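Work through these short exercises with the sequence and the model open. Each one gives a task, then a solution in steps.

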Amino acid sequence: MAKQSTWLEYNWRLDGRAALFGVELELYRSAPDPKLPILCYFCCEAEGRDELTETDIKRIEALGAKCVRKLGQPAAGFVQAGNTRQYYFYVPGKEQYDILRAIAEKERKLVCKVAGKREAEWTTYFKLLYPDEAKYQTVRNREVIAKYRANGDATEAARRINLHVFFKTEQHRLMFEEAARQAGYAIGTPEERSELELPYGATLHRISTLELADIDSVTIRAIRIAQRMEGRLAYWDCAIVPKNISKR
């Protein structure tokens, strides 16, 4: 599906498997829309394969774009895992459901199925598709890693990662540091930024490469611990490891 400025894709896990998520962020402004109370699922499966090929994905994206054109509205998002991609549409009623079913029935190379249910609260959009803080951090991680790589960093090299996490009170910070220590992080020098809404900062250290899966693991676990104390990961940084040095 063609990317829009408000379309976001990110990697996460679904039922223990790696998955690619897509979401239309613009819908958040009006969600839940009382005029669109029906959730339709448009699922595409490549039978006989464990993973989708590039050809499969191009065909599925074309089908997704066709659904958008016929409905006259964007998809709320999709989830892709293994050999399937499933699109989600919020629609007014049965007429739009029938449009999607007609598209699915005409497809011959992929197995396409359509289902639907009433979901006026848009629970799937908020709970599954729209990224929470931890999910969105994976997008930030990808962007930061790209900058390090552009500066000649050997992203496969392990080094000390510094995570800067902030809290409302010093007590919250101290509780977080103890929980983080038990989770395997080293605790660095605390920070105080009186001009911030969350002025009490903790600095964590963890040895990791800059490979996306490794950084995602380090940051997501810190975020989940911080959330228990109403804290927030502001950013992470590390020293650049030049490629020629990493090979010595």
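The model is predicted.

**Exercise 1. Classify Y41 and Y88, then describe their ring pair.**

Step 1. Take Y41. Its relative accessibility is 17%. The cut-off for buried is under 20%, so Y41 counts as buried.

Step 2. Take Y88. At 7% relative accessibility, Y88 is buried too.

Step 3. Compare the rings. Y41 and Y88 form an edge-to-face aromatic pair, with 5.5 Å centre to centre and 70° between the planes.

Step 4. Place the pair in the chain. Y41 belongs to strand 3 and Y88 to strand 5 (residues 84–91), so the pair ties together parts 47 residues apart in sequence.

**Exercise 2. Decide how the rings of Y28 and Y130 are arranged, and place the pair in the chain.**

Step 1. Start with the search of the whole structure, which gives 13 aromatic pairs.

Step 2. Check the geometry. The ring centres of Y28 and Y130 are 4.3 Å apart and the planes stand at 25°. Planes under 30 degrees apart count as stacked, so this pair is stacked.

Step 3. Locate the partners. Y28 is in the loop between strand 2 (17–24) and strand 3 (38–45), while Y130 is in the loop between helix 3 and helix 4. They are 102 residues apart, so the pair links distant parts of the chain.

Step 4. Check accessibility. Y28, at 41%, counts as partly exposed. Y130, at 25%, also counts as partly exposed.

Step 5. Widen the view. Y28 and Y130 belong to one aromatic cluster with Y90, W122, Y125 and F126.

**Exercise 3. Trace the surroundings of Y185 in the largest nonpolar core.**

Step 1. Find the core. The largest one has 46 residues, and Y185 is among those with the most contacts inside it, along with Y125, L163, F176 and W236.

Step 2. Find the main contributor. Helix 6 (residues 212–228) gives the most to this core, with 7 residues.

Step 3. List contacts of Y185 beyond four places in sequence. They include L163, L204, V218, A222 and I225.

Step 4. Look for a charge. The charged end of R206 sits over the Y185 ring, 4.7 Å from its centre.

**Exercise 4. Describe the setting of D132.**

Step 1. Locate D132. The residue lies in the loop between helix 3 (123–129) and helix 4 (133–150).

Step 2. Classify D132. Its relative accessibility is 31%, so D132 counts as partly exposed.

Step 3. Find a side-chain partner. D132 and R224 are joined by a polar contact of 3.5 Å between their side chains.

Terms used
Residues numbered from 1 in each chain as written. Predicted model: local features only at pLDDT ≥ 70, side-chain atom pairs only at ≥ 80, totals over all residues. Heavy atoms only, no water. Core = buried A, V, L, I, M, F, W, Y, C linked by side-chain atoms within 4.5 Å. Buried < 20%, exposed > 50% of the residue type's maximum accessible area, 1.4 Å probe, protein only. Helix = DSSP H or I, 4+ residues; strand = E, 2+ residues; numbered from the N terminus. Contact = heavy atoms within 4.5 Å. Polar contact = N/O pair within 3.5 Å; in protein donor to acceptor, adjacent residues only side chain to side chain. Phe/Tyr/Trp six-rings, centres within 6.5 Å; stacked < 30°, edge-to-face > 60°. Lys NZ or Arg CZ within 6 Å of the ring centre and 35° of its normal.
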